[in-house]
Amino acid sequence: MPRYMLLNYLPTEGGPAPEEMREQHARWMRYDQDLKEAGLFLANDGLAGPDAATTVRVRGGETQLTDGPFAETKEYLAGYFLIEAPDLDVALEWAARMPSSVYGSVEVRPVWGQPEAAGKRAGQERDRA
């Protein structure tokens, strides 16, 4: 079965207040349990915020370290779920169910090297026009 990364992005500003985030804990636990019960769950982890990031570049043989993320953005990568799903449509449905999809965004990507999953929904090529 194809594997998909559901990349969870949260807003750097204007997201839910800390109290609201604590209230959402039950929704996150239910989402996690629902993925497992559906037999789709492979792995997930949350990530520390962008203020904890270090970006590494090697240019001309020199290693350059920069505090913070690669680029300033309005959203930051907060975590991921790795799932197995029969097709992209199912992966997209689970992305829409992710609790943070109502205030952040969820990027869905097929795992590399799976031609049957790459860029296809419901067995048809995606329209990129």
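Trp28, Tyr31, Phe41, Phe81 and Trp94 are joined by ring pairs into a cluster. This is a predicted model, so let's take a friendly walk around those rings. Across the whole structure, a search turns up five aromatic pairs. One of them is the stacked pair of Trp28 and Phe81, with 6.4 Å from centre to centre and 5° between the planes. Because Trp28 belongs to helix H2 (residues 25-37) and Phe81 to strand S5 (residues 75-84), this pair ties together parts that are 53 residues apart in sequence.

Phe81 has a second partner to look at. Its ring and that of Phe41 have centres 6.5 Å apart and planes at 75°, so this pair is edge-to-face. Phe41 sits in strand S2 (residues 41-46) and Phe81 in strand S5, so the contact ties together parts that are 40 residues apart in sequence.

How open are these side chains? The table gives three of the rings, along with Leu65, to which we return below.

| Residue | Relative accessible area | Class |
|---|---|---|
| Trp28 | 18% | buried |
| Phe81 | 5% | buried |
| Phe41 | 22% | partly exposed |
| Leu65 | 61% | exposed |

Two members of the cluster also have a charged neighbour. The charged end of Lys36 is placed over the ring of Phe41, 4.8 Å from the ring centre. Arg97, in turn, lies over the face of Trp94, at 3.9 Å from the ring centre.

Finally, a look at the surface. Leu65, a residue of strand S4 (residues 62-67), joins Val56 and Val58 in a nonpolar surface patch, and together they have about 300 Å² of accessible area.

Key: Residues are numbered from 1 along each chain as its sequence is written. This is a predicted model: local features need pLDDT of at least 70, side-chain atom pairs count only at pLDDT 80 or more; totals for chains, interfaces and linings use all residues. Side-chain values use heavy atoms; hydrogens and water are left out. Patches are made of residues with over 30% relative accessible area and no salt bridge: like charges are joined within 9 Å, nonpolar side chains (Val, Leu, Ile, Met, Phe, Trp, Tyr) within 5 Å. Accessible areas come from the Shrake-Rupley method with a 1.4 Å probe; for residues, only the protein chains shown count as cover. A salt bridge is a side-chain nitrogen of Lys or Arg within 4 Å of a carboxyl oxygen of Asp or Glu. Helices (H or I, at least four residues) and strands (E, at least two) are DSSP runs, numbered from the N terminus. Buried means under 20% relative accessible area, exposed over 50%, partly exposed in between (1.4 Å probe, protein chains only). Rings of Phe, Tyr and Trp (its six-membered ring) pair if their centres lie within 6.5 Å; planes under 30 degrees apart count as stacked, over 60 as edge-to-face and the rest as tilted. A charge sits over a ring if NZ of Lys or CZ of Arg is within 6 Å of the ring centre and within 35 degrees of the ring normal.
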